[in-house]
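Colleague: I would like to go through the assignments in this model and hear the grounds for each.

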Amino acid sequence: CGLCRKGGRGNFTHCASCGYCVTSSGHVCPASASDVDNNCAVCLENLHTSTHPVVFLRCHHLIHQDCFRSMLRAGRVQCPMCKKAMIDLPPQVTHQLDREIELTPLPPELRFNVPVLCNDCLGRCEVPFHILGHKCAHCGSYNTTQL
């Protein structure tokens, strides 16, 4: 594509389908090039003209590799565009949150169900309200939004 990527030409491959320079391993191209945004969802820099490596998230949104790492260091694991999880959290994290909720009973006036949307499986369900989080009844994720 004619753009020089930092880190050596051998570490990057030009994808003819989506038009981006990507790391040589693990690239899953989106269904069509029209599904791809031209700007990083974090820093808003144009991805086609950027000299920084690009990461395709599981949801097929793109961000710079440095932006991805900065988000993870800050404890942000949701895609900035669609809120799907960018990484799988270790089972210990979910188990710890389950345990924290179990050990933090709410007063009777806060014991009711709330509708939630799971940002990972897109399922809708009613779950017990808790100030620490709402676990999706379909996939077990805490990546939910109260409706």
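Colleague: In strand 7, what is the bridge partner of L117?

Modeller: T145 is the bridge partner of L117 in strand 7. Bear in mind that this is a predicted model.

Colleague: How do you know that strand 5 and strand 7 pair?

Modeller: Pairing requires at least two bridges. Strand 5 and strand 7 have three bridges, in the antiparallel sense, so the requirement of at least two is met.

Colleague: And what makes strand 5 and strand 6 a pair?

Modeller: Strand 5 (residues 113-118) and strand 6 (residues 124-128) are joined by five bridges, again antiparallel. The cut-off is at least two, so they count as paired. One of the bridges links N113 to P128 of strand 6. Five residues lie between the strands of this hairpin, and L122 has a positive phi near 65° there.

Colleague: Why are strand 6 and strand 7 called edges?

Modeller: The open sheet has three strands in the order 6-5-7, with antiparallel pairing. Strand 6 and strand 7 (144-146) each have a single partner strand, so one side of each lacks a neighbour in the sheet. On average, neighbouring strands of this sheet are turned by 45° against each other, direction ignored.

Colleague: Why is L89 called partly exposed?

Modeller: The relative accessible area of L89 is 44%. Buried would need under 20% and exposed over 50%, so a value in between is called partly exposed. L89 sits in the loop between helix 1 (65-73) and helix 2 (91-102). Its C-alpha atom is 8.6 Å from that of V77, twelve residues apart along the chain.

Conventions: Residues numbered from 1 in each chain as written. Predicted model: local features only at pLDDT ≥ 70, side-chain atom pairs only at ≥ 80, totals over all residues. Heavy atoms only, no water. Helix = DSSP H or I, 4+ residues; strand = E, 2+ residues; numbered from the N terminus. Buried < 20%, exposed > 50% of the residue type's maximum accessible area, 1.4 Å probe, protein only. Axes fitted to C-alpha atoms, helices over the stretch in contact; angles between N-to-C directions.
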